[in-house]
Amino acid sequence: MGGTPIARPSAVEVTMWFDPVCPFSWNTARWLTDAANKTGFEIDWELMNLAVLNEGRELPPPQRARMGDSRRVGRLMASIHREMGSPGLGAAYLAFGELYFDRFATVDDQLVDHVLGTVGARDTSGAAPSDTSLDEFVRQSHEAGQKALGETGGSPILRIDGRTFFGPVLTTLPAPETSTALFDAVAALAAIPQFTQLQRPRTTPPHPE
C-alpha cells in the first residue's frame, strides 16, 4: 500500500552527553559528527561521567582502571569546556578519541599535550587531569544529563529537539552512506512521545559500563 513519504525531521537542537573514555560513545560521536556535516545541524557537546555514575559500586579491575581514565580525562575535558565552550569540547574529544581509541594511546602527558595543542587551549593546564577542583564542574554536567534523561543512564545520552534518550549504542561505526539515514530514523523516533525503547541483541561483548 502507498502512503505519504516521511519527511526528514528538522533538528532544532542536538545535544550529546558523553563520557570521553566510553568506546560506544566514541562510535556514536563519530556517526553524529558525520551526520551533522552532511545535514547541517550543530552538536552541543556536554559531559557525563562514568566514574560518577559508578560511585560506590564494586567493579572488576579493568573497569576500575577505565573509571580512573574517566575521572582524569573528564577533568581535562571540563577545563577545556569551561575555557572554549561546546565547540572546544567537541574538538578536544575528537582529538582525544583518535589517539585513545583508534591508536590505543594511554592517558599520559603526551596525550594531554596533544589534545591541548590541537584545540589551541591557552588557559587549560596540562595538570588538569589531576585537578580535583574540576570535579564539581564534571558532576554538574553529568547530573544535567541525568536530569534531561529523567532516570539513571549511561553514555551516550542524546537529546534531539528537547527529547532525550540513552543511546543510540553503536557497536561499530556505521558505513558513511548510512549516517544520515540513521540520524533521520533516530530523530523520527525521538519526535514520537509514546516511543520509549527499542533493543536487539549485540554481536559484540556487553557495554563495559
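The following legends describe close-up views of a predicted model. Residues are numbered from 1 along each chain as its sequence is written. In this predicted model, local features need pLDDT of at least 70, side-chain atom pairs count only at pLDDT 80 or more, and totals for chains, interfaces and linings use all residues, while side-chain values use heavy atoms, leaving out hydrogens and water.

**View 1. Confidence at the two low-scoring segments, residues 1-6 and residues 205-209.** The mean pLDDT (the predictor's confidence in each residue, from 0 to 100) of the protein is 90, and 91% of its residues reach 70 or more. Over residues 1-6 pLDDT stays under 50, and the model has 0 contacts (heavy atoms within 4.5 Å) beyond four places in sequence for them. Residues 205-209 also stay under 50, but for these the model has 16 contacts beyond four places in sequence.

**View 2. The bend of helix α3 at Met 84.** Helices (H or I, at least four residues) and strands (E, at least two) are DSSP runs, numbered from the N terminus. Helix α3 (residues 61-100) spans only 19 Å between its end C-alpha atoms, whereas a straight helix of 40 residues would span 58 Å at 1.5 Å a residue; the expected span is 1.5 Å times one less than the number of residues. The bend at Met 84 is about 135°, taken as the angle between axes fitted to the seven residues ending there and the seven starting there. Pro 87 follows within four residues.

**View 3. The crossing of α1 and α6.** The axes of α1 (residues 23-39) and α6 (residues 179-190) come within 8 Å and cross at roughly 95°. Axes are lines fitted to C-alpha atoms, for helices over the stretch in contact, with angles from 0 to 180 degrees between N-to-C directions. The two helices, α1 and α6, are therefore roughly perpendicular (65 to 115 degrees). Among the contacting residues are Trp 31 and Leu 32 of α1 and Leu 182 and Phe 183 of α6.

**View 4. The crossing of α3 and α5.** Here the axes come within 9 Å and cross at roughly 85°, which makes α3 roughly perpendicular to α5. Gly 74, Arg 75, Ala 78, His 81 and Arg 82 of α3 meet Asp 135, Phe 137 and Val 138 of α5.

**View 5. Backbone geometry in three loops.** The Ser 155 to Pro 156 peptide bond is cis, with omega near 5°; Pro 156 lies in the loop between α5 (135-149) and β3 (157-160). The Gly 167 to Pro 168 bond is likewise cis, with omega near 0°, and Pro 168 lies between β4 (163-166) and α6. Phe 104, although not a glycine, has a positive phi of about 55°; this residue is in the loop between α3 and α4 (109-119).

Conventions. Angles under 35 degrees count as roughly parallel, over 145 as roughly antiparallel, 65 to 115 as roughly perpendicular and the rest as oblique.
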